[in-house]
Structures are given as structure tokens and as C-alpha cells.
Amino acid sequence: MSGGDWRLSEMANGMERSRILTIAASVRTMISEGHDVAPFTVGDFSPEHFSVPGELITGIIEAVSEGETNYPPAAGLPELRESLSEWMKHRYELDVGPDGIIVGSGARPVLYSSFRLFLEPGDGLAHGVPAWNNHYYVHLNNAVDIPIPGTPESRFLPTAHEIADRIKDIRVLILNSPLNPTGTCFTSDELSDICDVIITENNERKRQGRKPVMLVYDQVYSTMTAENITHVHPVQVCSEMFDYTITLDAISKSLTGTGLRLGWMALPPSLAPPVIALIGHMGAWPARPIQKAAAKLYAQPELLEKFFKQLDVRIEERMDILEERLSRLSIYGVSYVKPEGGIYLATRFDLFDQLGFITNEEIREWLLVSSGVAIVPFQAFGLIEETGWFRISVGAVGVDDIIAAMDRLESALKIAFGHEPRA
Ligand SMILES: Cc1ncc(COP(=O)(O)O)c(C=O)c1O
């Protein structure tokens, strides 16, 4: 039936493709056509610049050659759940035990499952803006969207004050730190203030026999932090949050293995059975060989810490160059928020008055065509206002690519503005 009358479901009719992936695909096409473009777009790692730990590769090959090719259990291999639960305890003081760990093929299936656990149609799903992909999950769950806007002053993180204003309407709050797209992290105080708001509300709801606010804490970039920045987990700053927190993590970013598809959820163990069933029905479990390999690696925290340290050095190297080069462009209306973790930097190109642009999309196109600088506007992260904010990702670029791209950008701005930057 071509062009037929399928009458798709409301859910299917409202489905949108990821805007980030669409931009990234067009950038890949430009690169394949020979254009000089620095791909600052994807939240991915090019294996040319960032390789996964050797032990993981050896472990996968060994597992395949030993015949580990059949179905894994839906919740994950017991040895993997055991080593991940020890890891979460060791690194984040979060003790859910092996029964409180459920693995999935990346963070996405466990993220989806955590929403499905609690949200009824019409329930409030609150999230910061800008933030990664929440608007798609609002749609998938038929939830009511509760955007909590961040500001450059709050390093684009949602604040306790803003959350308190909407807390009565919230069933699930998702927080992400370090934040995609800004690379900023909650401090202990900021997170503790938010936890206080949740606990106060939940104590009140308990008295009234109402459903509590649940926190989904997405910490897939938690092992990547800048110097002097410490990642904090809600239970570390407020032990009462244990019952209300679902933690999401993955090797996609921390071990730079986005294509290996292993993520997990840590939650109070009594909540696990429906999630295990859902992951099983979706068939969204990670392949058995990656589970075998990760079980071995996560049982060796010292090896992991060594890997994370060298990764931080290479991310910082790239961020330092970016910061230095973007600072030089402040005369042209360029600014940025200091990155604290993850692989992203939030930068602003305030080219509206001087160069006559009206939308972020116009600025994005100009940067791409004039300088081969491919970046993602905050509109892809739910921001409505056309304020010139963009995400730069350093996962798929080398130091030389950044320098060359910044040289091209500086020249293009100089020509467009008709003058040299001040020293
Ligand atoms: C904040 C955040 N959470 C979750 C994910 C999804 O991770 P995965 O690739 O493991 O599904 C991403 C991916 O970009 C992300 O940025």
C-alpha cells in the first residue's frame, strides 16, 4: 500500500527524529564530500581519538570465542550486576545491591523504563532546559511537559527555587549532571537544596496518601570531570533520597563505547521486577559478550580509575584550547560557560545585531559555511529563545582539528566584522 490510509497511532504521528542526529548526519555528508568541517556536533567519540579500554575489547573477544552467544538473563548477568553494584557503592556511596541493578542496551532503554515505571498519561514530567532529549520522552509517555529553564547565571542547571515553584505538579523529575549540552555540574549545595524540596514535598504527600515525586538522576558523564570538580549523587547529599531516586549510568560516555551498548539503572530493589519484565519484552538487554567483559572490568576499580584519569586529561586538553580561542573572540560577541564535566561546552554567538541574524539556525548555518564549525543550537535541547547559545562537543575532534577550526572561525569573524580582534 503506497501513500495509504494507515491511521497511525497518536504516538507514532507525534514522533520526531532526534534533531542532533539529523544535524550530525548532514555534517557527515559534507565531510564525505570533501568539505573542511570540524564535527563538534555529535555526543559521540571517534575511535580515532578516543579508544575504549583494551581490557574491554579483549574481554568481548574472549567471551565470543568461548561461546557466550546465547540470550543473557533480562536483568543482566549476575556477575555484572554484582560488579556494578559494588562499583556504585565504591564510587557514589549508593548501595542498592545486585538486585537493584538492571542493565540495558545503553542508557536509553533504562531511561525509558524508569519513566514507564511511574508516569500515567497526564502526569508531570519535569526537566531542565536546555537538556538532552526529554521532550521526546514527554511525548512517548503522554506526560505533561514541565520545563524548568536554566540561565547562564545558574550555569544552565535547574535550581531548587525554580523546581520548588513547580513541585506540586511534578510526578517525575529528571536531572542530568554533568549536563548535556552545557558540561556543567551540580555542586553539593545545589543538589542538596533540590533534594530538600523533594523530601519536603514527599513528606507532605505521604501524609495525604499521594504519589511521591520520583527523581531520575542521569549521570552518564559522571566519571568525566574537570580539575577541582567533584560529581555528586543525590544519596550522598541526602540519604532520605534513596527511596525516591533512580540512577542511570552507562559505558557509552564513561568508557567512550557508545556503540557497545551497555547501560544500567540502580534503584531500590523492590522496584526492579516490572523493569526487568519491560527490558525483556523490548529485548533491550546488552549483548552477552559485552556483559561478560564489563563484569570483569567493573570488578577492577583501579583499572577504571586509571582509564578515567587519562580520559580527563585528553578532554581537558581540548577544552583548554577551546576556552583560550573563544576568549579571544569576545570582541565579536562570543562567550562561553566554563566546562566542569562531560564532553561539552556551552558557547554563545551573539551575532544578532552586528551581523543581522534573527535565529540560531541562521547563525548555525553561517558558522558551518563560513568556517566549517559544526555545532548544535540549544533549540535541539528544548530552548525556545533565540539567544545564540550552542553546544560544542569535543568527542569526535583532535587538538589539530580544533585549532584549524578556530583559525577559520577567527578569520571569518574578522572579515564579517571588518576588523581584527583586540589582543
Ligand atoms: C545525558 C544523556 N543521557 C543518556 C544518553 C544516552 O546514552 P546511551 O547512548 O547509553 O543510550 C545520552 C546520550 O547522548 C546523554 O547525553
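Helices (H or I, at least four residues) and strands (E, at least two) are taken here as DSSP runs, numbered from the N terminus. The structure is a predicted model, so local features need pLDDT of at least 70 and side-chain atom pairs count only at pLDDT 80 or more, while totals for chains, interfaces and linings use all residues. Residues are numbered from 1 along each chain as its sequence is written, and side-chain values use heavy atoms, with hydrogens and water left out.

Start with the loops, where some of the odder backbone geometry sits. Arginine 155 falls in the loop between strand 4 and helix 7 (160-166). It isn't a glycine, yet its phi is positive, about 55°. Arginine 155 also counts as buried, at 18% relative accessibility; the cut-offs are under 20% relative accessible area for buried, over 50% for exposed, and partly exposed in between (1.4 Å probe, protein chains only). Asparagine 133 is another non-glycine with a positive phi, this one about 65°. Asparagine 133 belongs to the loop between strand 3 and helix 6 (134-140), and it is buried too, with a relative accessible area of 7%. For context, most residues other than glycine have a negative phi, and most peptide bonds are trans.

The loop between strand 3 and helix 6 also holds proline 130. The peptide bond joining valine 129 and proline 130 is cis, with omega at about 5°. A cis bond also runs from serine 177 to proline 178, where omega is near -15°. Proline 178 is placed in the loop between strand 5 and helix 8 (188-208).

Now for the sheet. It is open and mixed in its pairing, with seven strands in the order 2-8-7-6-5-3-4; two strands pair if DSSP finds at least two bridges between them. Strand 2 (101-104) and strand 4 (144-149) are the edges, each pairing on one side only. From one strand to the next, the twist averages 20°. At the strand 4 edge, strand 3 (residues 124-129) runs parallel to strand 4 and is joined to it by six bridges. Within that pairing, leucine 125 has aspartate 145 of strand 4 as its bridge partner.

Helix 11 (residues 272-282) lies across strand 2 and strand 8 (263-266), at about 15° to strand 2. Axes here are lines fitted to C-alpha atoms, for helices over the stretch in contact, and angles run from 0 to 180 degrees between N-to-C directions; contact means heavy atoms within 4.5 Å. The buried residues of helix 11 are Ala272, Val275 and Ile279. They sit on the same side of helix 11 because they span an arc of only 65° around the axis, the arc being that of the directions from the helix axis to the C-beta atoms. Strand 2, helix 5 (107-118) and strand 8 are among the elements covering these buried residues. Exposed Pro273 and His281 are carried on the face turned away from the buried side. Glycine 283 comes after helix 11, and its phi is positive, near 65°.

As for empty space, the structure holds two cavities of 30 Å³ or more. On a 1 Å grid over the protein atoms alone, a cavity is a set of points where a 1.4 Å probe fits but cannot get out, and a pocket is an open set with protein on both sides within 12 Å along at least five of seven lines; lining residues have an atom within 4 Å of a point. Grid points are joined across faces, edges and corners, and a volume is the space filled by probe spheres set on the points. The largest cavity comes to about 110 Å³. It is lined by 14 residues, of which Ala131, Asn134, Leu175, Asn176 and Leu179 are the closest to its centre. Strand 5 (residues 172-176) gives the most to this lining, with three residues.

The largest pocket contains about 820 Å³ of space. Its lining counts 38 residues, and the closest to the centre are Leu21, Gly43, Arg108, Trp132 and Lys253. Helix 2 (19-32) supplies the largest share of that lining, six residues. Helix 2, helix 5, helix 6 and helix 10 (251-254) each supply at least two.

One long-range pairing along the chain rounds things off. Glutamate 62, found in helix 3 (residues 54-65), is partly exposed, at 32% relative accessible area. Its C-alpha atom is separated by 9.1 Å from that of lysine 292, although the two residues are 230 residues apart along the chain.
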